[in-house]
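Work through the exercises below with the sequence and the model at hand, trying each task before reading its solution.

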Amino acid sequence: MDDAARSLISQTPKREPQSFSAYAPSNIALSKYWGKRDKARNLPLNSSLSISLGEWGSHTTVAPSEDGLDHVTLNGESLAADTAFARKALAFADLFRNNCPLRIDTRNTIPTAAGLASSASGFAALTRALCGSFDMELSEPEMSLIARIGSGSASRSLWHGFVRWNMGTAEDGGDSFAELLPYRWDDFRIAIVKVDTAPKSHSSRDGMNHTTKTSPLFAAWPAQAERDCRIVEDAISERDFKILGETVEANALAMHATMQAARPALSYLTAQSWQVLEQLWQARSNGLEAYATMDAGANVKLIFLQDSTDDITSVFPDATVIDPFAGQ
């Protein structure tokens with residue numbers, strides 16, 4: 001486990017658990033995290049920057065168990081302790097507790113394991129709920145550092161808005177955490193074009209490991225991704241949507257190129273994913289200012305400004321439009 005996270009948790013006073021509920025939004029990386037310098041600690045090879053998805057995320061409640069046994073539910077369904085979700089949730093809870101049986105109830109408002117960052121919001125919400133349950137007084141960067149152990153992208157899911165995950169350089173991971181950026185862009189919109197919401201055949205973690213190990217294109221990725229992260233943040237701060245969109249789309253395509261060059265090739269994108277991209281590129285040639293990004297999954301996410309909403313829904317009538325700053 002991450003040395004910095006272990007030290008942080010062990011040195012923070014914890015009380016007996018109480019019932020505590022927390023919410024964390026999912027996030028879409030505008031500049032991607034793909035590749036680790038330390039797999040055990042989930043330490044990335046480059047910094048990344050994301051935008052949250054508002055009400056798309058995870059609601060989690062942690063409470064002491066009433067019968068002395070651990071219980072885990074997902075979307076109202078009780079899970080056996082040996083299922084993947086329950087194992088991961090309870091192993092993460094073990095970092096906080098000392099032989100204390102718990103009940104963990106999670107409800108996702110997004111499909112689980114479908115490339116829509118449910119693990120990011122899940123571990124972020126679980127981190128908040130565990131810290132609240134044990135009444136641990138931790139700062140948000142400290143919670144981000146801990147959430148990173150469950151899922152790298154979870155480090156970015158503690159906040160609403162634009163968030164940067166600093167890759168850090170410390171061997172113990174003490175400087176690899178995310179922070180909320182001081183930029184608000186009320187006209188910024190995201191559209192989710194669902195292609196396939198079934199669980200992925202390869203987890204993001206497995207796909208990342210396979211790509212970094214076998215793709216001849218991967219060597220150039222970390223440095224370019226770090227440059228892209230800086231360009232994306234500068235474009236957000238300057239409200240330069242053209243530079244932002246071009247960089248976001250190129251960054252995502254470059255990430256997927258490293259996967260497709262892996263041996264054997266790995267492709268999360270399907271024929272329908274590429275059809276959505278072709279539709280977007282045709283619409284953009286006709287004047288629509290919108291750009292795509294894709295994570296480790298088949299679904300396509302579009303970024304655009306509010307004035308383009310009607311055009312987006314005309315071209316992609318089944319898309320779900322999200323205002324990430326609504327109510328914030």
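The exercises that follow concern a predicted model, and they move from aromatic pairs to a helix and then to the contact between domains.

**Exercise 1.** Classify the geometry of the ring pair F92 and F123, and state where in the chain its two members lie.

*Solution.* Begin with the whole structure, in which a search finds nine aromatic pairs. For F92 and F123 the ring centres are 5.3 Å apart and the planes stand at 70°; since pairing requires centres within 6.5 Å and planes over 60 degrees apart count as edge-to-face, the pair is edge-to-face. Next, locate the partners: F92 belongs to helix α2 (residues 84–94) and F123 to helix α3 (residues 118–133), so the pair ties together parts that are 31 residues apart in sequence. Finally, check exposure: F92 is buried, with a relative accessible area of 4%, and F123 is buried as well, at 12%.

**Exercise 2.** Carry out the analysis for W185 and F241, and name the aromatic cluster that contains them.

*Solution.* The ring centres of W185 and F241 are 6.2 Å apart and their planes lie at 90°, so this pair is edge-to-face. W185 sits in the loop between β9 (178–180) and β10 (188–193), while F241 is in helix α7 (residues 241–260), so that the pair links distant parts of the chain, 56 residues apart. W185 is buried at a relative accessible area of 6%, and F241 is buried at 5%. Both belong to one aromatic cluster formed by F162, W185, F188, F241, Y291 and F325.

**Exercise 3.** Test whether the length of helix α6 (residues 221–238) agrees with its number of residues, then describe its surroundings.

*Solution.* With 18 residues at 1.5 Å a residue, α6 should span 26 Å, and the 25 Å between its end C-alpha atoms agrees with this. Among the buried residues of α6 are W221, A225, C229, V232 and I236, and what covers the buried residues includes β1 (20–31), β4 (48–64), β8 (162–165) and α7. E233, also buried, meets R164 in a side-chain salt bridge with an N to O distance of 2.4 Å. Just after α6, R239 takes a positive phi of about 55°.

**Exercise 4.** Describe the contact between domain 1 (4–180) and domain 2 (188–322).

*Solution.* The C-alpha centres of domain 1 and domain 2 lie 24 Å apart, and the contact takes 30 residues from domain 1 and 43 residues from domain 2. The area buried between them is about 3000 Å², with 69% given by carbon and sulfur atoms. Of the area that domain 1 buries against domain 2, L30, K32 and W34 supply 30%, more than any other three residues. To finish, count the salt bridges between domain 1 and domain 2: there are two.

Definitions and conventions. Residues are numbered from 1 along each chain as its sequence is written. This is a predicted model: local features need pLDDT of at least 70, side-chain atom pairs count only at pLDDT 80 or more; totals for chains, interfaces and linings use all residues. Side-chain values use heavy atoms; hydrogens and water are left out. Rings of Phe, Tyr and Trp (its six-membered ring) pair if their centres lie within 6.5 Å; planes under 30 degrees apart count as stacked, over 60 as edge-to-face and the rest as tilted. Helices (H or I, at least four residues) and strands (E, at least two) are DSSP runs, numbered from the N terminus. Buried means under 20% relative accessible area, exposed over 50%, partly exposed in between (1.4 Å probe, protein chains only). The expected span of a helix is 1.5 Å times one less than its number of residues. Contact means heavy atoms within 4.5 Å. Domain bounds come from an automatic or database domain assignment. Buried area is the accessible area (1.4 Å probe) that two parts lose on being put together, summed over both. A salt bridge is a side-chain nitrogen of Lys or Arg within 4 Å of a carboxyl oxygen of Asp or Glu.
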